[in-house]
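Colleague: I'd like to learn how to read cores and interfaces in a model like this one. Can we go through it together?

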Amino acid sequence: MTAQEVRLCGLLLQEHFGDVVEKVGTHLIRSGVLTLRALAHETKLPLDLVKKSLCVLMQHGMCAFGAGRRGPAGPVEYHIICEHILHMLRYPRYIYTAKSLYGDTGELIVEEILQRGQMTMSSTVKTVADRLTHNMPEGQSMDYSEVVSAFSRLVETHFLQRCPPMASAGSSSSEAVNTPLPVWSTRMVYIVPVKIELMHKCQGKRRRSSEDGEAEQRAAKKTKTDNSERGDEGIYWQVNFQRFHLHFRDQAIISAVSCKLDQTSSEIVRTMLRMSEVTTPAHAAFTQALSANEIFRALPFSYNIARPILDQYLTLLVNDPMEFVGRTGDSGGGMYVVNLHRALANLARATLESVVQERFGSRSARIFRLLLRKRHLEQKQVEDFAMVPAKEAKDMLYTLLSENLVQLQEIPKTPDYAPSRTFYLYTVNQLPTARLLLQHCYKTVGNLIERRLYETKENKRLLEKSQQIEAILASLQATGAEAAQLTEVEEMITAPERQQLESLQHHINKLDSSENQVDETIFLLESYINSTQR
Amino acid sequence: MAGSRGRGRSQFSFSVDALGFGRGDCLPSSAHTPSPLYPPMQFRPVPLHTGEEVDYMLALKQELRASSKNLPFHIKAARTKTDVARYSDKYQNGETKNNCIEWSPDWSRMPKELCIKVRKPRKTVIGAKPQLTRKPKAAAGKEEVLQKLEKREEEQHSEEEEDEEKKKQNEEEPDADEDYDEEELEDETDYIMSYFDNGEDFGADSEDNMDEAVY
């Protein structure tokens with residue numbers, strides 16, 4: 001864990017869970033693995049607070065426990081999963097995606113589960129239905145079955161998954177060794193339990209909702225643990241971040257194609273990705289091969305493209321230097337794949353180039369792009385190829401070198417590395433540069449959060465005053481006051497204070513949406529780096 | 001760079017062509033101090049994205065941040081009592097206690113050592129007020145009074161726990177109880193809880209902002 005990541009994790013934990021959890025969390029990240037007693041001793045917090053913090057972190061899937069170094073007989077050791085803490089930056093994006101795919105119901109389901117970490121299906125359905133009913137006009141009520149169907153659809157498309165069962169740890173470890181754990185197959189991760197009884201409170205009668213599939217019934221009967229009133233105790237659901245990330249990656253590829261080429265090509269790529277959604281494993285370098293015939297049949301109806309035009313578009317996509325689509329065979333009118341890893345690499349490269357352009361100007365960006373393509377170049381060659389005068393080229397190269405975006409490679413002619421007899425070549429390595437930029441991004445988000453906290457703290461008094469006045473106004477309006485009273489209360493905030501409040505709100509909005517935007521870059525770079533690691 | 005010293009004094013050890021500057025050129029001055037903390041930017045940053053999607057996600061983010069402060073996962077350390085123990089402490093149960101957890105996790109999924117008492121929100125059950133029936137009769141002597149007072153204190157502590165257990169069982173009662181303001185009626189007082197202000201908060205706020213006079 002790098003220093004910037006630890007700092008950002010600390011800030012995120014503090015924002016969502018308070019100072020205590022932040023202290024416990026950052027200490028545990030820095031130490032790696034610790035037992036409960038060691039953690040309490042080193043953070044000098046009371047044991048109960050540490051226990052509570054660990055419970056919170058484990059509920060949200062950010063902390064995991066395992067048998068310690070002394071084996072199952074020794075104390076349990078805890079460690080933090082940093083990626084899940086960093087995912088907290090992306091929660092608005094997950095919720096918005098759920099909304100765009102599954103409407104308001106899906107949005108609220110994902111929001112509830114994200115805020116609570118893990119939930120059972122029945123409690124989620126109940127809470128979401130109550131919330132929706134609350135927002136509806138009088139007399140209407142939200143049907144539980146609609147929420148259940150939205151939940152099932154989320155599970156079927158793998159956006160939600162079941163939490164794996166925990167082996168009981170701690171003092172009962174000896175029993176765990178003797179009793180065999182139930183077979184946990186990956187198939188069961190996405191099966192909705194059958195026959196959940198839900199109290200339909202709005203209508204005051206019990207409702208039995210049954211799902212489809214007889215085979216699933218048998219599987220669900222095995223997994224149903226005990227008969228409590230709800231029927232699905234012990235089956236917890238969590239958000240499947242990986243599936244959301246795959247979706248974001250597909251979206252990025254499609255929008256890149258539509259920017260570079262045109263809308264129709266992006267529709268073709270979207271169709272190809274949709275067809276291979278279920279057949280492509282998560283870390284595959286490219287999708288399954290699809291024949292042009294299949295693509296033609298699967299295109300949406302509104303796009304009335306003739307078959308030869310489709311072939312032309314596919315050829316165009318294959319010949320494009322961004323290499324999103326590749327041709328792997330000739331059967332069935334041509335076999336085409338989407339090159340996922342190469343697309344990610346190209347998107348990351350475009351990000352790097354754009355960063356250099358915005359920070360150092362277009363000529364530096366030209367030199368950077370040149371070095372990315374030509375790998376190693378001497379000083380003189382850089383000037384010639386980039387068509388930049390010598391002095392400026394030297395200046396720009398040294399600036400980029402000092403920022404670590406460009407590296408110098410020495411190739412000696414003689415073993416004593418004499419400067420007059422050594423080649424000095426400038427080079428850019430994409431992967432290390434991407435990692436460097438990712439750390440810069442983490443630092444940026446940390447700075448943005450700190451600045452926002454500072455701004456809020458500076459104007460704390462003013463914010464509290466405005467909140468109090470809003471509360472007074474709300475209560476007055478609820479009891480039906482006259483307009484004169486309302487204006488009198490509103491005038492308690494003077495005009496310059498109002499202006500100050502507005503500018504504060506404007507700053508905070510700007511800082512918040514900057515965080516969201518930097519997070520998009522973080523996602524791209526992270527996906528690229530992860531794709532190179534498999 | 002282990003450069004070999006040139007033979008003659010005027011010879012440099014490196015060829016001037018390779019490094020891109022001539023002989024007579026002045027080199028840029030070397031740095032004496034660390035680079036400034038906020039260096040002036042050559043190019044202005046590109047404006048942020050705008051649009052409906054961006055605005056919605058911004059609103060979502062701010063909403064999530066505000067609502068996470070009200071969830072039981074937001075843990076605050078209990079304030080240590082610096083002063084004398086006060087009478088109103090008994091009635092101020094809104095404060096968090098370190099040894100209770102405010103939500104009920106699934107303990108079967110967590111190591112046993114983390115198990116901590118779950119604190120249910122106290123719902124006032126008007127019908128069953130066992131405390132009224134427990135008032136002991138007036139004792140004769142002082143010692144007996146003291147003993148009885150001690151016993152009552154212990155009973156009240158244990159009955160608080162019993163209360164909680166009863167309330168756990170009474171969870172299925174109609175939700176009309178939830179609408180009762182917890183702060184309004186607690187234990188045996190007739191007063192609204194928010195009126196209790198034992199003065200601990202006075203002066204506890206930071207006095208950094210000395211612009212306004214404090215009367």
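Modeller: Sure, core first: a nonpolar core is a set of buried Ala, Val, Leu, Ile, Met, Phe, Trp, Tyr and Cys residues joined through side-chain atoms within 4.5 Å, where buried means under 20% relative accessible area (1.4 Å probe, protein chains only). This is a predicted model, with local features needing pLDDT of at least 70 and side-chain atom pairs counting only at pLDDT 80 or more, while totals for chains, interfaces and linings use all residues. Residues are numbered from 1 along each chain as its sequence is written, chains are lettered from A in the order in which they are written, and side-chain values use heavy atoms, without hydrogens and water.

Colleague: Which residues touch the most other members of the largest nonpolar core?

Modeller: A:Leu54, A:Tyr78, A:Ile85, A:Ile109 and A:Leu371 do, out of 118 residues. Helix 6 (residues 91-116) of chain A gives this core its largest share, 11 residues; helices here are DSSP runs of H or I, at least four residues, numbered from the N terminus.

Colleague: And how do I read the interface size?

Modeller: It's often given as the accessible area lost when the parts come together. Here, chains B and A bury about 5600 Å² (1.4 Å probe, summed over both), and carbon and sulfur atoms give 58% of that. On the chain B side, B:Phe73, B:Ile75 and B:Arg109 lose the most area, together 15% of what that side buries.

Colleague: How many salt bridges are there between chain B and chain A?

Modeller: Three, counting a side-chain nitrogen of Lys or Arg within 4 Å of a carboxyl oxygen of Asp or Glu. A:Glu515 and B:Lys61 form a salt bridge at 2.9 Å, N to O.

Terms used. Buried means under 20% relative accessible area, exposed over 50%, partly exposed in between (1.4 Å probe, protein chains only). Helices (H or I, at least four residues) and strands (E, at least two) are DSSP runs, numbered from the N terminus. Buried area is the accessible area (1.4 Å probe) that two parts lose on being put together, summed over both.
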